[in-house]
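User: Hi! Could you walk me through this one while I have it open on my screen?

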Amino acid sequence: MSLANQIKEKLTEALAPEYIDVQCESHMHNVPPGAEMHFRVVLVSDAFTSMSKVRRHQRIYAILAEEMAGPVHALALHTYSPEEWPGEAPQSPECLGGGKH
Amino acid sequence: MDTLENIKQQIADNAILLYMKGSPNAPQCGFSMRASQALMACGKRFAYVDVLANPDIRAELPKYANWPTFPQLWVKGELIGGCDIIVEMYESGELKKLIDEAAAEGEAGE
C-alpha cells in the first residue's frame with residue numbers, strides 16, 4: 001500500500017471524515033524519484049467542530065506519529081468542520097530546496 | 001544551558017517568535033517562506049530562529065511542542081500553529097490582530 005493510502009486509512013479510521021483527500025506532493029520537491037515524503041491532507045470531520053486549529057493539527061500528528069517520525073517530511077493540513085468546509089482547500093507552496101540541508 | 005531550557009527561554013523572552021528553515025529574507029523551504037511572508041505583512045518586529053542552523057532545536061522542539069514540523073509560530077508563549085494555520089489566519093485577518101496585540105503588550109512591557 002502506498003504511504004498516501006496508509007495515511008488516508010489511519011485518518012479515516014480515527015476521525016470518520018465526511019470528506020478526505022490525501023495527495024502525495026513529493027514530485028514538487030527536491031527528493032529522489034518515487035520518494036514519498038511530502039503530503040497534503042484535506043479533511044472535513046465533525047470531530048473538528050469547536051476544536052481549535054492547533055489542536056486539530058496536533059490530533060492528526062498524534063494519529064500519524066509513526067509516519068511523522070519516519071518517512072514523512074512535510075504534511076500540509078487543511079482541516080474543517082462540516083460547517084466550515086468551503087468546498088475546496090488552498091494549494092501547497094513551491095519547494096525551495098531546503099531538504100538538501 | 002541545555003536545548004530544552006534554551007527553547008523555553010526563547011519562547012518566554014519573545015512575544016512573537018517564528019521557528020523556521022532559513023531566515024525571513026532567505027527562507028529555505030516553501031512553507032517557511034509563506035509563514036514568514038504572512039508574518040512580515042503584519043508589519044511588526046518578530047524574532048526568528050533558523051532551525052537548519054540549530055539542529056539541536058530542530059530535534060528537540062517538536063517533542064516539546066507536540067508539533068513535528070517547521071515552521072512554528074509562537075505568540076506570547078503559546079503555539080499558534082504551522083504554515084497552513086498562519087496563512088489561514090493571515091487571510092482571515094486574525095493573524096494581524098493577534099500580532100498587533102502581542103506587539104503592543106511587548107512594547108508596554110519593555
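User: Let's jump straight to the largest pocket. Which element gives the most to its lining?
Analyst: That's β3(A), which contributes 4 residues to the lining of the largest pocket. Just keep in mind as we go that this is a predicted model.

User: Noted. Which other elements supply at least two residues of that lining?
Analyst: On the chain A side, α2 (53-63) and α3 (65-69) do so along with β3. From chain B, α2 (30-41), α3 (55-65) and α4 (83-92) each supply at least two residues as well.

User: And how much space lies in the largest pocket?
Analyst: About 610 Å³. Its lining counts 41 residues, and the closest to the centre are A:H73, A:A74, B:P68, B:T69 and B:F70.

User: How does that lining divide by class?
Analyst: There are 24 nonpolar residues, 13 polar ones and 4 charged ones in the lining of the largest pocket.

User: What about cavities, how many of 30 Å³ or more are there?
Analyst: The count is 1 cavity at that cut-off. The space in the largest cavity is about 40 Å³.

User: Which residues line the largest cavity?
Analyst: From chain A you have A:H78 and A:P90, and from chain B there are B:R34, B:D84, B:V87, B:E88 and B:E91. The largest share, 4 residues, comes from α4(B). By class, the lining of this cavity has 4 charged, 2 nonpolar and 1 polar residue.

User: Back to β3(A) for a second. What sheet is it in?
Analyst: An open sheet of 3 strands in chain A, in the order β1-β2-β3, with mixed pairing. The edge strands are β1 (19-24) and β3 (74-80), and each of them pairs on one side only. On average, neighbouring strands of this sheet are turned by 10° against each other, direction ignored.

User: Parallel or antiparallel, how does β2 of chain A pair with β3(A)?
Analyst: Parallel: strand β2 (residues 38-44) of chain A and β3(A) share 7 bridges. If you want a landmark in that pair, A:R40 stands opposite A:A76 in β3(A).

User: Nice. How many helices and strands are there in chain A?
Analyst: Chain A has 3 helices and 3 strands, and from the N terminus on they run α-β-β-α-α-β. The radius of gyration of chain A is 14 Å, close to the 13 Å from the globule rule for 101 residues, so chain A is as compact as a globular protein of that length. Along the principal axes, its C-alpha trace spans about 40 × 25 × 20 Å.

User: And what's the pattern in chain B?
Analyst: Along the sequence, chain B reads α-β-α-β-α-β-β-α-α, which comes to 5 helices and 4 strands. A compact globule of 110 residues would have a radius of gyration near 13 Å, and chain B agrees because its value is 13 Å. The C-alpha atoms of chain B fill a box of roughly 35 × 35 × 25 Å along the principal axes.

User: In what order do the strands of the chain B sheet come?
Analyst: The order is β2-β1-β3-β4, in an open sheet of 4 strands with mixed pairing. Here the edge strands, each pairing on one side only, are β2 (47-50) and β4 (78-81) of chain B. Neighbouring strands of this sheet are turned by 25° against each other on average, direction ignored.

User: How many bridges are there between β1 and β2(B)?
Analyst: Strand β1 (residues 16-20) of chain B and β2(B) pair over 4 bridges, in the parallel sense. In this pair, B:L18 stands opposite B:Y48.

User: Changing topic: which residues does the cis peptide bond join?
Analyst: B:F70 and B:P71, with omega at about 5°. B:P71 lies in the loop between α3 and β3 (72-75) of chain B. B:F70 came up earlier too, among the residues closest to the centre of the largest pocket.

User: And which residue has a positive phi although it is not a glycine?
Analyst: A:A16, with phi at about 40°. A:A16 lies in the loop between α1 (3-15) and β1 of chain A. For background, most residues other than glycine have a negative phi, and most peptide bonds are trans.

User: Last one: what ipTM does the predictor give the complex?
Analyst: The ipTM is 0.79, alongside a pTM of 0.85. For chain B, the mean pLDDT is 95, and 97% of its residues reach 70 or more.

Note on methods:
Residues are numbered from 1 along each chain as its sequence is written. Chains are lettered from A and ligands numbered from 1 in the order in which they are written. This is a predicted model: local features need pLDDT of at least 70, side-chain atom pairs count only at pLDDT 80 or more; totals for chains, interfaces and linings use all residues. Side-chain values use heavy atoms; hydrogens and water are left out. Two strands pair if DSSP finds at least two bridges between them. Axes are lines fitted to C-alpha atoms, for helices over the stretch in contact, and angles run from 0 to 180 degrees between N-to-C directions. pLDDT is the predictor's confidence in each residue, from 0 to 100. On a 1 Å grid over the protein atoms alone, a cavity is a set of points where a 1.4 Å probe fits but cannot get out, and a pocket is an open set with protein on both sides within 12 Å along at least five of seven lines; lining residues have an atom within 4 Å of a point. Grid points are joined across faces, edges and corners, and a volume is the space filled by probe spheres set on the points. Ala, Val, Leu, Ile, Met, Phe, Trp, Tyr, Cys and Pro count as nonpolar, Asp, Glu, Lys and Arg as charged, and the others, Gly among them, as polar. The radius of gyration is taken over C-alpha atoms; the globule rule is 2.2 Å times the number of residues to the power 0.38.
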